[in-house]
Amino acid sequence: MTPQHSPGKSPNPQRRSSRSHRAVLTAAAALLEEIGYANLTIQAIAERAGVSNKTIYRWWPNKAAVVMEAFAEATAKVVAVPDTGELRSDLLAFIQASFVAHRQLRFGATMANLVAAIQTESTLAEAFRDEFIARRRDAVRQMLERASQRGELRALLDIEVAIDGIYGPLFYRLLVGHAPLDESFAEALTAQLLFGITKS
């Protein structure tokens, strides 16, 4: 008689694939912090994740793509965009969370490392813009659009310019290092931004 296998014990390819996909992103994010982008390889990610190189290339075309998707997801977990129903609270909480994350040695150093690397590597620059910057801008765009729907923003406000105004000071202080990303600056920046983008 042919043995009967319990349906509950049958392998689930989709679940296994999902676990492998998650393992790759987790491994890529961890290695990026540990050794930096320049020293990171697909082979190292595969070994850490317990998958083959072929598995990674089935989902991502190159190292830059997998690393930036991993970094974007990791960032979204620590710097969420709140929805309190009021722009001042949302904006202040977002800026505070961003500053806290970038003050952390590994996260801030990783970001600075990536910004430096994109100056000379076009593949990474494209992935950085498409995977990381686009996602972070979209998150803030949604916050501002909610504020607009509540009638909080100035008429004819250019939301894309407003997004630049939110992220610009963060990257400037992170990369130049002339002043800290501290609580007082978070509050001052929030107040200045609100003065420029909200109705008087």
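The following exercises, each with a worked solution, concern helix packing and internal cavities in a predicted model.

**Exercise 1.** Determine how helix α5 is oriented relative to helix α9, and which residues form their contact.

*Solution.* Step 1: α5 covers residues 87–103 and α9 covers residues 183–197. Their axes lie 9 Å apart and form an angle of about 140°.

Step 2: Angles over 145 degrees count as roughly antiparallel, and 65 to 115 as roughly perpendicular. The two helices are therefore oblique to each other. The crossing of α5 past α9 is right-handed.

Step 3: From α5, the contact draws on Leu-87, Arg-88, Leu-91, Leu-92, Ile-95, Gln-96, Phe-99 and Arg-103. From α9, the residues are Glu-183, Phe-185, Ala-186, Glu-187, Leu-189, Thr-190, Leu-193, Leu-194 and Ile-197.

Step 4: Sorted by class, the contact of α5 with α9 comprises 11 nonpolar, 2 polar and 4 charged residues.

**Exercise 2.** Describe the packing of α7 against α8 and give the composition of the contact by class.

*Solution.* Step 1: The axes of α7 and α8 are 10 Å apart, at an angle of about 120°. This angle makes α7 oblique to α8, and α7 passes α8 in a right-handed crossing.

Step 2: On the α7 side, the contact involves Ile-133, Arg-136, Arg-137, Val-140, Arg-141, Leu-144 and Glu-145. On the α8 side stand Ile-159, Glu-160, Ala-162, Ile-163, Asp-164, Ile-166, Tyr-167 and Phe-171.

Step 3: The contact of α7 with α8 contains 9 nonpolar and 6 charged residues, with no polar ones.

**Exercise 3.** Identify the residues that line the largest cavity and the elements that give two or more of them.

*Solution.* Step 1: The structure contains 2 cavities of 30 Å³ or more, and the largest has a volume of about 80 Å³.

Step 2: Its lining consists of Thr-75, Val-79, Phe-94, Ser-98, His-102, Met-111, Phe-132, Arg-136, Tyr-167, Leu-170 and Phe-171.

Step 3: Two or more lining residues come from each of α5, α7 (122–149) and α8 (159–176). By class, the lining has 7 nonpolar, 3 polar and 1 charged residues.

**Exercise 4.** State which helix supplies the largest share of the lining of the second largest cavity.

*Solution.* Step 1: The second largest cavity encloses about 40 Å³. Phe-94, Ile-95, Ser-98, Phe-99, Ile-166, Tyr-167, Leu-170 and Leu-189 line this cavity.

Step 2: At least two of these residues come from each of α5 and α8. The largest share, 4 residues, belongs to α5.

Step 3: The lining of the second largest cavity includes 7 nonpolar residues and 1 polar residue, and no charged ones.

Conventions: Residues are numbered from 1 along each chain as its sequence is written. This is a predicted model: local features need pLDDT of at least 70, side-chain atom pairs count only at pLDDT 80 or more; totals for chains, interfaces and linings use all residues. Side-chain values use heavy atoms; hydrogens and water are left out. Axes are lines fitted to C-alpha atoms, for helices over the stretch in contact, and angles run from 0 to 180 degrees between N-to-C directions. Angles under 35 degrees count as roughly parallel, over 145 as roughly antiparallel, 65 to 115 as roughly perpendicular and the rest as oblique. A crossing is left-handed if the near helix is turned anticlockwise from the far one by less than a right angle, and right-handed if clockwise. Contact means heavy atoms within 4.5 Å. Ala, Val, Leu, Ile, Met, Phe, Trp, Tyr, Cys and Pro count as nonpolar, Asp, Glu, Lys and Arg as charged, and the others, Gly among them, as polar. On a 1 Å grid over the protein atoms alone, a cavity is a set of points where a 1.4 Å probe fits but cannot get out, and a pocket is an open set with protein on both sides within 12 Å along at least five of seven lines; lining residues have an atom within 4 Å of a point. Grid points are joined across faces, edges and corners, and a volume is the space filled by probe spheres set on the points.
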